Amino acid sequence: MSVATGAAARRAPGPRVRPRSILPGIEWSTLAVLVATPFVLATRPELVTLMTNILILSLLAVSFDLCWGFSGIMSYGQALFFGAAGYAIALVGRDLDFSQMWATLPLAMLVGAGLSAALATFLLLGRKTPTSIFVAFGTLTGAYAAERLVAGWQYVGAGNGLSSIKLMAFGAYEFVEGVAFYSVALGLLIVVYLASRVIVRSQLGLVLAGMRQNEERLAFFGYRVQVFKALVFTFSGAIAGLSGALYSYHQGFTGPTNLGPGLSTTAVIYCLFGGSGTLIGPVLGTIVVELLSYVLADTDAIKQYWTVILGVVLLVVVMFQPTGLLGLVVSSRERIGSFGLRRRPR
Amino acid sequence: MEFAIKFAFDIMAFTSVMVLIVLGLGVIASMMGIFNFAHGELVLLGAYTVYVCDSVGIGGWTGVILAPLVVGAVGLVLEKTIIRRFYATPIIAMLGTYAIGLIIREIIRGLLGGHYKAIPEPLSGAFVVGGLEFSMWRSFIIATTLAVILGCWLLLTRTSIGLRVRGALENPMLARSCGISTGRLYALTFAFGAALAGLAGALIVPLYALSADIGIRFLVQAFLSVMLGGVGTFEGPVLGAAAVGGMAAGLPWVVSPVLADPLVFVIALAIVRLRPQGFISVGRL
């Protein structure tokens, strides 16, 4: 059959066939793999630790994706919320000797949300509409300034950061690295994932999708575009804060680099590599990038230039495959998806 | 009084370098409408060129002369291969140029091995005027910057290339239909901006220790200067650079240095937020 007849067949009128959707399959299989991981790796505790780290970082990647992939805010500042929340729980552990997770994790989210709301108010809201370049540079500047400030501040350990953070606890139980911590991280990732999914598939998500397509037109329709952006930015800040708190508890350490543009860049790479604009993309991106870097870290020649390789990957993705890894298998139509309550097909 | 003069001199030397960086960033931004996130790393590349020349023994002077040429050539290659794909999508260009910056920074970090390197001033010593000592190298920086600014201004206002540049800036579509190859102009502009960044890196590196992370500092400061001054003008970025450079050099005398550095950014960001069009809002070059 020639190409021409194939094209003709596609255009032929007839009952519309819904293309098979792939995303739910990917989501479910990722979940199955992640649930199975601790059982498979029961004999390799260091790999469970690695996977826990990956889950925590994929929270950060999801938070970046909400900004860039869903609302078009280029945020180099996700690490700012991540790091600030990490410092907050470290200080609470040190000065108040308190690390109950039912209180500190919400606190971390509050710190992240508060900071991002403040930054969003400053950068996005106001009488004059800012350019997206200004917002990008504003977040970069914020992260850079915060890193410099913390690196010179003795109370928070200056350049050395804060080490031996009090372990995360629930009642009398203390979480060390291992399966228990992994389960907490996975549980929280699932909760965050579902919450984000509800948001981006709701009517709010429809506004965001319209904003990405044509911000000006949405503004003419009467939507206050910047307010929507600020809302999403705040929500993503809360997630980044949660991620940062878990990361600090898990590592037992937090330092100025956790606040800076470097880590934000890593989040950008995870998200774009996996596929921005889908929620599962950043999770897959984090898993693939981190696993690759773990496997390749044994080779000294590669380890030294690993970041260079990541940079090249980012460049290639931006230039040739803007929809990332997932874009190879998922059609744009499914990527953008549908919004609001599910309707029964007529 | 003596102190005030010395202080003003130091600020001027630092500001001069900022002016070079900002001029490069600003000319690219106003011509092609993209903000080059790799600009800080081009400064780093210029600094690294001087370091390489110094360490293989052909002297710092050769490095200072080579740096703009090398970085300009790198800029030209980057424009021809990568940057030109981004002109239609300025937002994606941020990501692309950021990735380029990341690659350059990490390669240099690997080559430096994570150490700080100090480079001696090619022109050491000082001269005395009216009982005050002035560093030779800093005077050279100021003189070079003034020469570059004068050269740019003459190029833009007195030559036919400058006329074409101004035309392409005013109305790219009309310029193209008049037979001006804007593609070639854009390539030249990018190479020129990169060369300025390289020169700035070469001039500043004897005053700073060379490390892979100096780029981002200059990028943030230069961006704020461009925004302060206003995009699309010639004097704007220069004024902005003077303001940011003056603040960066002056504030550590007023508040503690730890606080001063972030404070510069916050103040500049706040001014830009309140006055997005910059000091000079008329779009002329």
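Visitor: What makes strand β1 and strand β2 of chain B a pair, and in which sense do they run?

Guide: This is a predicted model. In it, β1(B), residues 126–129, and β2(B), residues 132–135, share 4 bridges in the antiparallel sense. Pairing needs at least two bridges, so the two strands qualify.

Visitor: Which residue of β2(B) is the bridge partner of B:F127?

Guide: B:F134 is the bridge partner of B:F127.

Visitor: What lies between the strands of this hairpin, and which residue there takes a positive phi?

Guide: The hairpin has 2 residues between β1(B) and β2(B). B:G130 takes the positive phi, near 55 degrees.

Visitor: Where do these strands fall in the order of elements of chain B?

Guide: From the N terminus the order is α-α-α-α-β-β-α-α-α-α-α-α-α. In total, chain B has 11 helices and 2 strands.

Visitor: How do you know how compact chain B is?

Guide: Compare two values. The radius of gyration of chain B is 19 Å, and the globule rule gives 19 Å for 285 residues. The two are close, so chain B is as compact as a globular protein of that length. Its C-alpha trace spans about 60 × 45 × 35 Å along the principal axes.

Visitor: What does the same rule say of chain A?

Guide: A compact globule of 346 residues would have a radius of gyration near 20 Å. Chain A has 21 Å, which agrees. The C-alpha trace of chain A spans about 70 × 55 × 45 Å along its principal axes. Chain A holds 16 helices and 4 strands.

Visitor: Why are α1(B) and α10(B) called oblique?

Guide: Helix α1(B), residues 2–32, and helix α10(B), residues 235–250, cross at roughly 140 degrees. Roughly antiparallel begins over 145, and roughly perpendicular covers 65 to 115. The angle fits neither class, so α1(B) and α10(B) are oblique to each other. Their axes come within 8 Å.

Visitor: What is the handedness of the crossing of α1(B) and α10(B), and which residues meet there?

Guide: The crossing is right-handed. From α1(B) the contact includes B:D10, B:F14, B:M18 and B:V22. From α10(B) it includes B:P237, B:A241, B:G245 and B:A249. By class, the contact of α1(B) with α10(B) has 12 nonpolar, 6 polar and 1 charged residues.

Visitor: What makes α2(A) oblique to α12(A)?

Guide: The axes of α2(A), residues 23–40, and α12(A), residues 280–296, cross at roughly 45 degrees and come within 11 Å. Roughly parallel needs an angle under 35, and roughly perpendicular runs from 65 to 115. The value falls between, so α2(A) is oblique to α12(A). This crossing of α2(A) and α12(A) is left-handed.

Visitor: Which residues make the contact of α2(A) with α12(A)?

Guide: α2(A) brings A:L23, A:I26, A:E27 and A:T30. α12(A) brings A:I280, A:V283 and A:L284. They divide into 5 nonpolar, 1 polar and 1 charged. Under the class rule A:E27, a Glu, counts as charged, and A:T30 falls among the others, so it is polar.

Visitor: How many residues of chain B touch chain A, and which element gives the most?

Guide: 29 residues of chain B are in contact with 31 of chain A. On the side of chain B, α4(B) gives the most, with 13 residues. α4 (90–112), α9 (214–229) and α11 (257–274) of chain B each supply at least two.

Visitor: What is the make-up of that side of chain B by class?

Guide: 23 of its residues are nonpolar, 2 polar and 4 charged.

Methods
Residues are numbered from 1 along each chain as its sequence is written. Chains are lettered from A and ligands numbered from 1 in the order in which they are written. This is a predicted model: local features need pLDDT of at least 70, side-chain atom pairs count only at pLDDT 80 or more; totals for chains, interfaces and linings use all residues. Axes are lines fitted to C-alpha atoms, for helices over the stretch in contact, and angles run from 0 to 180 degrees between N-to-C directions. A crossing is left-handed if the near helix is turned anticlockwise from the far one by less than a right angle, and right-handed if clockwise. Two residues are in contact if their C-beta atoms, placed from the backbone, lie within 7 Å. The radius of gyration is taken over C-alpha atoms; the globule rule is 2.2 Å times the number of residues to the power 0.38.
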